[in-house]
Amino acid sequence: NGWGMSAADDDLDGDLDLVTSTALFQNMGEDSGHWLQVRVVGDVSSNFAGIGATVMVIAGQQRWIRSVEGGSAQGNQNSLTTHFGLGEVTEVDAIEVTFIGGGLVRYEGPIDVNQRLKLTESGQLNPLVQP
């Protein structure tokens, strides 16, 4: 069953892997398109983890929406970094984040894909440095 299963980019290769209470399943499939990962940080009036924020990635007429979740089932926690599979899209026009306590913040592009970004409630957009 799916109890205790979480999704995250464990190996930082741009695709989602699955972690269960007993095993790590790394996605070893071939690359199937472009991606963008966004970590939001509340640094004004929202919680620091960004839980409850909604992230929208905009490219032309296309829109992708993800929510930052505090947990999605019993015994698990998905990554706080949202993942967007963008297919053939090579550049993003904007990213909009609606923070739970601070309203809408828009980050204007063009923004390159195939990278990890940290976006703060105070309006900063920076590459996300992973350990």
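In what order do the four strands of the open sheet with antiparallel pairing stand? The order is β6-β5-β8-β9. The model is a predicted one, in which local features need pLDDT of at least 70 and side-chain atom pairs count only at pLDDT 80 or more, while totals for chains, interfaces and linings use all residues. Residues are numbered from 1 along each chain as its sequence is written, and side-chain values use heavy atoms, with hydrogens and water left out.

Strands here are DSSP runs of E of at least two residues, numbered from the N terminus, and two of them pair if DSSP finds at least two bridges between them. In the antiparallel sheet, β6 (62-67) and β9 (103-112) are the edge strands, each pairing on one side only. From one strand to the next the twist averages 20°; axes are lines fitted to C-alpha atoms, and angles run from 0 to 180 degrees between N-to-C directions. Within this sheet, β5 (residues 54-59) and β8 (residues 91-99) run antiparallel and are joined by five bridges. Met56 has Glu96 of β8 opposite.

Glu96 also leads into the charged contacts. A salt bridge is a side-chain nitrogen of Lys or Arg within 4 Å of a carboxyl oxygen of Asp or Glu, and by this rule the count comes to two. One of them joins Arg106 to Glu96, with the closest N and O atoms 2.4 Å apart. This pair links distant parts of the chain, with Arg106 in strand β9 and Glu96 in strand β8, 10 residues apart. Arg106 also meets Glu108 in a salt bridge, at 2.5 Å from N to O. Through shared partners, these salt bridges join Glu96, Arg106 and Glu108 into one network.

The three members of the network differ in exposure class, where buried means under 20% relative accessible area, exposed over 50%, and partly exposed in between (1.4 Å probe, protein chains only). Glu96 is buried because its relative accessible area is 17%. Arg106, at 39%, is partly exposed, and Glu108 counts as exposed at 53%.

A further open sheet of four strands has the order β7-β4-β10-β11, and its pairing is mixed. The edges are held by β7 and β11, each with a single partner strand, so one side of each has no neighbour in the sheet. Here the twist averages 30° from one strand to the next.

In this mixed sheet, β4 (residues 34-41) has seven of its eight residues buried, so the strand is largely enclosed by the rest of the structure. With β7 (residues 82-87), β4 pairs in the antiparallel sense over five bridges. With β10, β4 runs parallel, again over five bridges. Val38 has a bridge partner in each of these strands: Thr82 in β7 and Leu117 in β10. Arg39 stands opposite Lys118 in β10.

After β10 comes Glu121, in the loop between β10 (116-120) and β11 (125-127). Glu121 is buried yet has no salt bridge, and the nearest side chain of opposite charge, Arg39, is 11 Å away; for this purpose Lys and Arg count as positive and Asp and Glu as negative, with His and the chain ends not counted. Backbone nitrogens do approach the Glu121 side chain: that of Val44 lies 3.0 Å from one of its polar atoms, and that of Ser45 lies 3.2 Å from a polar atom of the Glu121 side chain.

Definitions and conventions
Polar contact = N/O pair within 3.5 Å; in protein donor to acceptor, adjacent residues only side chain to side chain.
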